[in-house]
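Biologist: Please take a close look at one part of this model for me. I want the contents of a single interface, and then its setting.

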Amino acid sequence: MRAAVKSPPAPEVVEEKPDLGTPLLELKGISKQFPGVKALDDVSFAIWPGEVHMLLGENGAGKSSLMKCLCGAYQADTGAYFHMGEKVEIRTPTDAKKLGIAVIFQEFSLVPYLDVAQNIFLGREFKSKIPGLLDRRRLYAEAQKVLDRIGLEVDPRTKVHTLGVAQQQMVEIAKALSQDASILVMDEPTAALSDRETERLFAVMRQLQAKGTAIVYISHRMAEVFALGDRITVLRDGKNVGHAVPGETSPDQLVRMMVGRTVDMSYPRNFRAPGDVVLELKDISATTGIADINLVVRAGEIVGLCGLVGSGRTEVARAVFGADAITSGEVRVFGRIKQGGPDVAATEGIALIPESRKTEGLALIRTVSDNLAVAGLPKLFPNHLFSPGRARRSAEALIKRLRIATPSPNQSVGLLSGGNQQKVVIGKWLAAGARLFIFDEPTRGIDVGAKSEIFALIDQLVAEGAAVLMISSEQAEIVHVCDRAYVMRGRRIVGELSRSELSEENIVRMGMHDE
Amino acid sequence: MSMSSQTAGATPRLHLSKDVVQVIYRLLAAGLLCVVLAVVTDSFLSTNNILNVLRQASLLFFLASGLTLVILSGGLDLSVGANIGLSACLAATVIKATGSPVLGTLAGLGSGTLVGVCNGLMVAKLRIPSFIATYGMLWVLHGLTYYYMGGETIHGFPPGFRQIGSGYFLGIPIPVYLMLGFLAAGTFFAQRTVWGQQIYAIGANPVAARLCGIPVDRRLILVYAFSGAMAGVASLVFLARLNSAEGDIGEALTLPAVAAVLIGGASLFGGVGTVFGTFVGALILTLVLNGMNLLAVNASWQPLVTGVIVVLAVWLDMIGRRRT
Amino acid sequence: MSDHALSAAQPRPRLPAIPGVAIVLVALALVFAAISPNFLSTGNLSNILVQSVILLLLAMPMTLIIMTEGLDLSMGAVLTLASLVLALTVVSTQSLVLGLAGAVGVGLAFGFVNGWLVSSLRIPPFVATLGTLGVAQGLALIVSDGQSVVGIPRFLRQVYSGETAGIPNPILIGAAFYALFHVLLYHTKFGVYIRALGGNRDALTLAGVKWQRMLVAVYMLGGAMAGVAALLLTARINAGHPTAAIGMEFDAIAAVALGGTSFERGNGWIFGTLLGVLTVGVLRNGLNLMAVPSSAQVAATGALVIVALFLDGLRSRKP
């Protein structure tokens, strides 16, 4: 008696599957696993002709992985693609191209010593009437057309390596546009552009939209999301956490969706009164572009350093450690001015746990024992004579203390799980007797259990009087773990948040562009 | 945690590191070669031939042991052969001029080391890829030596000096004792000193090594200096053995030295290998060449066989890496 | 969006129009002209050109190989082997065509093996070609039995010493191949992909280009050119000799490096290599006129290359 009356479907369902006909491209249940991380977990998502579809999410939420699956650079482990309702395969870049998918990459896919026109048409050269030769006149004429369309005033004969970052980004855009794609994917295309170029790009996007091109647009800028977007998809932890329409949502609501209620995972911390100043940066500028960095870390403190990827966090860490040259300002460690490279930093008790464990932190082909000893060699063997037995005993003690799951100290470190590899990186600095630890994304690609172990370890370090500077893209971690945090944007520090001000919303607001 | 209990509960068992297993395989290969040669030729097992093999292997080993350290650090030194030529000619001149083998020895070792330091500076400080830098150095040395010698030969050295190349002690050639000495010293350096361990770390991952606080530049210069010094040692033994110095004295030895290191299990990509492995590699290569000799195969086949061995060794190493 | 002001970065100033190698070439020529009055004579200048052609034939494909971030150390040994094959074939069959076909065939075979080792087995180019160097050297000794091949017929010698329309044959051959390489590098897909192979292989993969085959083709081109050079070399020395061109790959690499082609990122140009070849030729010729032994010339070339590499490193390290 209740069923007959209430026939129209609930409005939420309409929003989930808008009645726009068959989607141009539909992804169903896409998953992609990397060793230690699930980059994409059952993501479904559809694009209709003539819409701008915004893809939002924090760093590492899976946006880039999704994009790479779309363009054939990655092969999805499971899931299916449907083009105009028909099932298709996307296994190589050529497959994607055939479906009319073009991508504007954030990392440049340009060849430095080819000119602008040759780069735009790489792999799609124009053949001349003379067999084997290229039609250069047509090449430059076509390139000029594309450049005019996006308003880039650069001679198509200019070699790409002589262009600035913004112009290279524009060439990248021209390359994608020239493919007359029906689906255009853009990964933060405006990150390197000035206002004028950005406006020009938006105008082109509107033209494309009118012609029925579907655009997938990844951005961190809220203003863009609301100005351009027809629909919004939010990703978090490799999962699709929801759709929204700009008119029916607010920036705050979106930020909350991106940050989410993280899996209830609390990292136990015992906050104590901090001790002496261990690290002090005064007006540091470096060749890597960071400028006027001032910060202080005291003994017994965990200080967070947050901001978007590319905001200059890693560069600060490397400058402190001496891995990149400082152009002005001074670094004081334990009260003394620090000069010199990483070898000096290591002897002064500074430890760097780098962002990329595999390429910068470990010698993957060597054993756990070797890797645990490598930073502490001068300290463990002051007379320069190496003793395998002693190194092994030291390694065994560390394996026990850090609870590294390895069948033996002689196991190749490359065969351990991400969490255990990270413990090895930390362990080598314990062997070296470091007192100031700089963690760059310490929990990237590590499973939940190992994460809390690593935080327990960091807490133990500060309890013993060490000082910790921690870079993380996961705001939840910073909020739970840190005594205070600095927020970076555009290679500068834009603010400091005390323990009471630390919240995910505050970090995201300060670190985001605009507002 | 359940993970850590596995570690604690793991029963200790006899552990052979990968390096040891690799060397055992190579020793077996060398033994097999000996058996085959003993069966198919009459003269292989003669004392003379055995001593000959050992002496030839020792000359190759001097060069290859220094090169091992370079390859462990992830580089390559193509100038070792040409370095022998220059060092031998300089040493010969000094001995002739002063009559003092000691000064001559110092000259040979000094010039070898100096060349190595130059290589190290080019690689570590100027960041020129090692194979190009040392390849350029090869031709500089080659030209200098020929220019210096002007087609002349220097010969006739004091008998005392000649002992280090052609002398015997207890019926065994002196170079063989020298080889065992450098084998022990090289193994000790690589396995039992902090610097040796740091060289392995640099070869395995130079970026990580730098970020661990290892002074990478200084260690690299040291490694190339060692390689140069060992070329100096080889030049002296050569000189004493041949009793004459010519410009082309070590030219044909670069490729065999690279081959010996690679046969010995060192990886061209750095961080893997042992000095003892190179010793076995030098033995194997010498046995192959000796066997070809005994079977009356034209000596012209030697560079061809060596070249094929180099490519095969690198390829096998790459297959091994892809599997792990 | 004001914090993106840095995107307005100016394009970096262009390199000066006159390449460094041209300055070195002119400076060397002036020095030699001042020291030796003979240097600037027409006969000597034409001599320099003629003598540079063999090197040019090797240096041009070497330029392309280096632009792919590769190297071919086997080129001199392959040239030697090809020269022997050519001499033996011509002496026994009296056919220039068969001889040339044999030489180019040998070169192509070695080029294919080099390219296959580098692109399919992913062996670093310098070791792969160091190995094939040994193989080619060994084969050269085997086919010649360590002896020179003599009795080269006059028609073969004529290829090097003869003239056509008043211009020495080698210069005509050199000019023809220079034109060929120019077209290849600047007017064909192949040329575009060579720059991309060294500059950004991922860009090629993303563009759906099967670049492995291109890489093999580049090394095969190098081998084929060694075969062509063998024709001139055999005619010039009037014999086949088992060590005739040992080490000539170094002169080729030297000329390429001097010419400003970089070992990284696919930056190179064929005209620079021409200037580099001429610089090596002028240096050798001038030192010859000054009666400096050829061995010292090798050392001088080696030193020049290290300086060139150092300067290349300085240039590429600038942001």
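Biologist: How many residues does the contact take from chain C, and how many from chain A?

Modeller: The contact takes 28 residues from chain C and 37 residues from chain A, where contact means heavy atoms within 4.5 Å. This is a predicted model, in which local features need pLDDT of at least 70 and side-chain atom pairs count only at pLDDT 80 or more, while totals for chains, interfaces and linings use all residues. Residues are numbered from 1 along each chain as its sequence is written, chains are lettered from A and ligands numbered from 1 in the order in which they are written, and side-chain values use heavy atoms, with hydrogens and water left out.

Between them, chain C and chain A bury about 2900 Å², with 59% of that area on carbon and sulfur atoms. Buried area is the accessible area (1.4 Å probe) that two parts lose on being put together, summed over both. The rule finds 0 salt bridges across this interface; a salt bridge is a side-chain nitrogen of Lys or Arg within 4 Å of a carboxyl oxygen of Asp or Glu. There are 5 residue pairs in polar contact between chain C and chain A, both residues at pLDDT 80 or more. A polar contact is a pair of N or O atoms within 3.5 Å; within protein, one must be able to donate a hydrogen and the other to accept it, and residues adjacent in sequence count only if both atoms are side-chain atoms.

On the chain C side, the elements giving two or more residues are helix 7 (169-187), helix 8 (189-199) and helix 9 (201-206) of chain C. Helices (H or I, at least four residues) are DSSP runs, numbered from the N terminus. Helix 8 of chain C supplies the largest share of this side, 6 residues. By class, the side of chain C that touches chain A has 12 nonpolar, 10 polar and 6 charged residues. Here Ala, Val, Leu, Ile, Met, Phe, Trp, Tyr, Cys and Pro count as nonpolar, Asp, Glu, Lys and Arg as charged, and the others, Gly among them, as polar.

As for the partner, chain A is assigned domain 1 (18-259) and domain 2 (263-349 + 470-515), with bounds from an automatic or database domain assignment. Their centres, taken over C-alpha atoms, are 33 Å apart.

Chain C also touches chain B, with 37 residues of chain C in contact with 37 residues of chain B. That pair buries about 3000 Å², 84% of it on carbon and sulfur atoms. The counts there are 0 salt bridges and 3 residue pairs in polar contact, both at pLDDT 80 or more.

On confidence, the predictor gives the complex an ipTM of 0.83 and a pTM of 0.80. The pLDDT is the predictor's confidence in each residue, from 0 to 100. Chain C has a mean of 85, with 91% of its residues at 70 or more. Residues 1-17 of chain C stay under 50, and the model has 21 contacts for them beyond four places in sequence. Chain A averages 83, with 91% of its residues scoring at least 70. Residues 1-17 of chain A are below 50 and have 6 contacts beyond near neighbours in sequence. Where pLDDT is low, the predicted coordinates should not be read in detail.
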